Amino acid sequence: VGALPSPVSELESLRPKGHRVYVSIEGEVVAIFFFKEKLKDEALATVQWLRQQHKTVYILSGDRQSSVTAIGKQLGLEEDFCKGGLSAFEKAEFVQSLGGGVGFVGDGVNDVLSLAASDVGFGISVKDNSSAAVEASDVALIGSRIDRVQIALTISTDTMHIINQNMLIAFGYNAIVLPMTVMGMLPPTESSITHTFSTFAVVANSLRLRR
């Protein structure tokens, strides 16, 4: 960045949204550096997927409101869903104000209270799995990619579907085969074989999660 004219007010038309650092010599601004947050490549796709799943997405940040609004705009979020200038306590209070069924994604010490206040906390650890965010979370996401939230939610949804299906299989066996065995309509040997098949069906159905 080369030398820029003063006064600083003449530069306001050049200022992009983001952070800036002024360099002055003997009280006169001679240069200005602009810093702009860059979205992760997978961030937009992750937010779009969450909204397709009928999830309401908020940004809670301690950064300036203008910076948070600019990031939210890139993600397709309206300003009302972009909360900037929040302390750690204010983040947690906002999470609690949303009621039940709230998930929170955080990667820093300032997110610990919000992770604990949410129903499901997703702690992201960039370097290792011993960060404060991971310790306070329900789900540890190792690595810096935000789309791991999508993977975690997909796995949890599929797991619940499998659990419900397995319960249906078990209930079907208990509701049909056991009464028939008790009434003598089904010999014990055949009942045992049927039980083996139902157990096999539950195991085979559960293995679908490995796909």
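Read from the N terminus, the protein chain runs β-β-α-β-α-β-α-β-α-β-α-β-α-α, a pattern built from seven helices and seven strands; helices (H or I, at least four residues) and strands (E, at least two) are DSSP runs, numbered from the N terminus. The model is a predicted one, in which local features need pLDDT of at least 70 and side-chain atom pairs count only at pLDDT 80 or more, while totals for chains, interfaces and linings use all residues. Residues are numbered from 1 along each chain as its sequence is written, and side-chain values use heavy atoms, with hydrogens and water left out.

Of the 211 residues in the protein chain, 28% are buried (under 20% relative accessible area, with exposed meaning over 50% and partly exposed in between; 1.4 Å probe, protein chains only). The chain exposes about 13700 Å², and carbon and sulfur atoms supply 59% of this area (Shrake-Rupley method with a 1.4 Å probe; for residues, only the protein chains shown count as cover).

A good place to start inside the protein is the largest nonpolar core, which has eleven residues: Ala43, Val47, Trp49, Leu50, Val57, Ile59, Val68, Ile71, Leu75, Leu77 and Cys82. Such a core is a set of buried Ala, Val, Leu, Ile, Met, Phe, Trp, Tyr and Cys residues joined through side-chain atoms within 4.5 Å. Helix H1 (43-52) and helix H2 (65-74) each supply at least two of its residues, and H1 gives the most, with four. Apart from this core lies another, of eight residues, including Leu60, Leu86, Phe94 and Leu115.

Helix H1 deserves a closer look. Its buried residues are Ala43, Thr46, Val47, Trp49 and Leu50. They lie on the same side of H1 because they cover an arc of only 160° around the axis, taken from the directions from the helix axis to the C-beta atoms. Helix H6 (148-182) is among the elements that cover these residues. After H1 comes His54, with a positive phi near 65°.

On the surface, Val21, Val23, Phe33 and Phe35 make a nonpolar patch of about 320 Å². Patches are made of residues with over 30% relative accessible area and no salt bridge, like charges being joined within 9 Å and nonpolar side chains (Val, Leu, Ile, Met, Phe, Trp, Tyr) within 5 Å; a salt bridge is a side-chain nitrogen of Lys or Arg within 4 Å of a carboxyl oxygen of Asp or Glu. Phe35 belongs to strand S2 and counts as partly exposed because its relative accessibility is 46%.

Methods: Contact means heavy atoms within 4.5 Å.
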